[in-house]
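User: I should like a close look at a single part of this chain, namely the open sheet and what packs on it. Please treat the matter in one connected account.

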Amino acid sequence: MSADLASALAHAAIAAVDPRVCTRDVLRREAARGPWTLFAFGKAARGMTEAALEELEVSRGVVIALDAAPFAHPGIVVRRGAHPAPAADAAEHGAEIEALARSLGAGDRALVLLSGGGSAMLERPVEGVTIDEIARVARALMHAGADIAELNAVRRCLSRLKGGGLAEALFPAEVLVVVISDVTAGPTSLVASGPCARPAPSPDPREVIARRGVEGMLSPAARRAIATRADSRPGDDVFARVREVVAADVGTAIDGARAEAERRGLRVGIDAQRIAGEARVSGPRFVRDARAQCARDELDVWIAGGESTVSVRGRGRGGRNQAAALAVANEGAPDGTFVAIATDGVDGSSDAAAVWVDEDVVTRAAILGLDGHALLDDDDSHAFFEATGARLVTGPTGTNVADVWIWIDHAQRRLRRNATTR
């Protein structure tokens, strides 16, 4: 029963951030008649573009998506992107988008559709820096535990279109930016490295590369770009022409899970604190806090959203949600179910959209002789959940708003059932 509920809540969270529906609703409220020139990139690019073509007069555009299937619209060019590392031809796609952006004038309207994963898909390296170097530096920073703000501070210096660079190329056209945000603690300028957003003054990319120990792996051109571009920003006149609307974020996914739980008669609480920190630490901490909240407020379900991190040490397969859930399992059978959901349908290097841990999963792992501690140390959490069958596989969902964690408290549900049968 707990597995069925875990799966239902995960499906509800993902369905709530359907990019086609969320983008359509925004465009019906916010967008004037066209014609519009469209720019879309990120994991939700295809669904967002479908909504735009249904709702607006679009004359032309470029879409960078995870697949290159064409749209029926003759003016829309589709390029295949990649994530988390950029595609080999990403620089050519970036040059194509920059050229189209610079062709617009003061009387033109640009629709920019942004979603998580767009940073790897929209790349236009500065002079002397290659796509391979950008990917290598980003990978090293992630393995060193850098958060999204640190990653983007460095990426902005190495790429012409990040940190307001696309807005600068579009100026003086009127720009409407629709965002499906995977950022949970910080400004939307962090989504896809903020191609149309005013870049945040911190963190300083020079400090990031020094603190994370990657300075020595940078080419002279990359070090020069970071030194010269760290303090540069597009002018205020550029951003005066940009209007941004958030179509969905992790709160939208949380609301979807909450609505499904309440439909089933469960009492739900929402954690105001976002998921953060090292996954193997934050997972068990979330469960302890959730159990306490449910006991105090007589709740059945406790939900939070955000994004933990994994400092990679081993050679296994997995992701931050599975690492968090395996850390929970390693503490013994919980009196409840912990559910960890990757809204993009892909947790790290695995194919798991969601995993869960309850007493049955811990018992099954023991019967199978799985060493959860060794698997976690080798960053091989995927092997644990594949063997125990405690995972939901959806394939890429075409959206991305970070992660949702859910605690289903068995003790409170048991107490409530006992009270109603007396």
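Analyst: The account below begins with the chain as a whole, turns to the sheet and its helices, and ends with one residue outside the sheet.

The model is predicted. Its chain contains 18 helices and twelve strands. Along the principal axes, the C-alpha atoms occupy a box of roughly 75 × 50 × 35 Å. The radius of gyration is 22 Å, in agreement with the value near 22 Å that a compact globule of 422 residues would have. Buried residues make up 54% of the 422 in the chain. Among contacts with a separation of 6 or more, 80% are between residues 24 or more positions apart. The accessible surface amounts to about 17,100 Å², and carbon and sulfur atoms contribute 48% of that area.

The sheet itself is open and is built from six strands with parallel pairing, arranged in the order 3-2-1-4-5-6. Its edges are strand 3 (76–80) and strand 6 (242–248); each has a single partner strand, so one side of each has no neighbour in the sheet. On average, neighbouring strands of this sheet are turned by 15° against each other, with direction ignored.

Within that order, strand 1 stands beside strand 4. Strand 1 covers residues 36–41 and strand 4 covers residues 109–115; the two run parallel and are joined by five bridges. At the level of single residues, A40 has L113 in strand 4 as its bridge partner.

Two helices that pack on the sheet can now be placed. Helix 2 (residues 19–30) touches strand 4, strand 5 (174–180) and strand 6, and its direction makes about 140° with that of strand 6. Helix 3 (residues 45–55) is in contact with strand 1, strand 2 (58–65), strand 3, strand 4 and strand 5. The direction of helix 3 makes about 145° with that of strand 4. Strand 4 and strand 5 are thus touched by helix 2 and also by helix 3. The edge strands are divided between these helices: strand 6 is among the contacts of helix 2, while strand 3 is among those of helix 3.

Outside the sheet, D297 may be considered as a single position. D297 lies in helix 13, which spans residues 279–297. Its relative accessibility is 35%, and D297 therefore counts as partly exposed, since that class lies between the 20% limit for buried and the 50% limit for exposed residues. R267 is 30 residues from D297 in sequence, and their C-alpha atoms are 9.4 Å apart in space.

Methods. Residues numbered from 1 in each chain as written. Predicted model: local features only at pLDDT ≥ 70, side-chain atom pairs only at ≥ 80, totals over all residues. Heavy atoms only, no water. Pairing = 2+ DSSP bridges. Helix = DSSP H or I, 4+ residues; strand = E, 2+ residues; numbered from the N terminus. Axes fitted to C-alpha atoms, helices over the stretch in contact; angles between N-to-C directions. Contact = heavy atoms within 4.5 Å. Rg over C-alpha atoms; globule rule 2.2 N^0.38 Å. Buried < 20%, exposed > 50% of the residue type's maximum accessible area, 1.4 Å probe, protein only. Areas by Shrake-Rupley, 256 points an atom, 1.4 Å probe, with all protein chains shown as cover.
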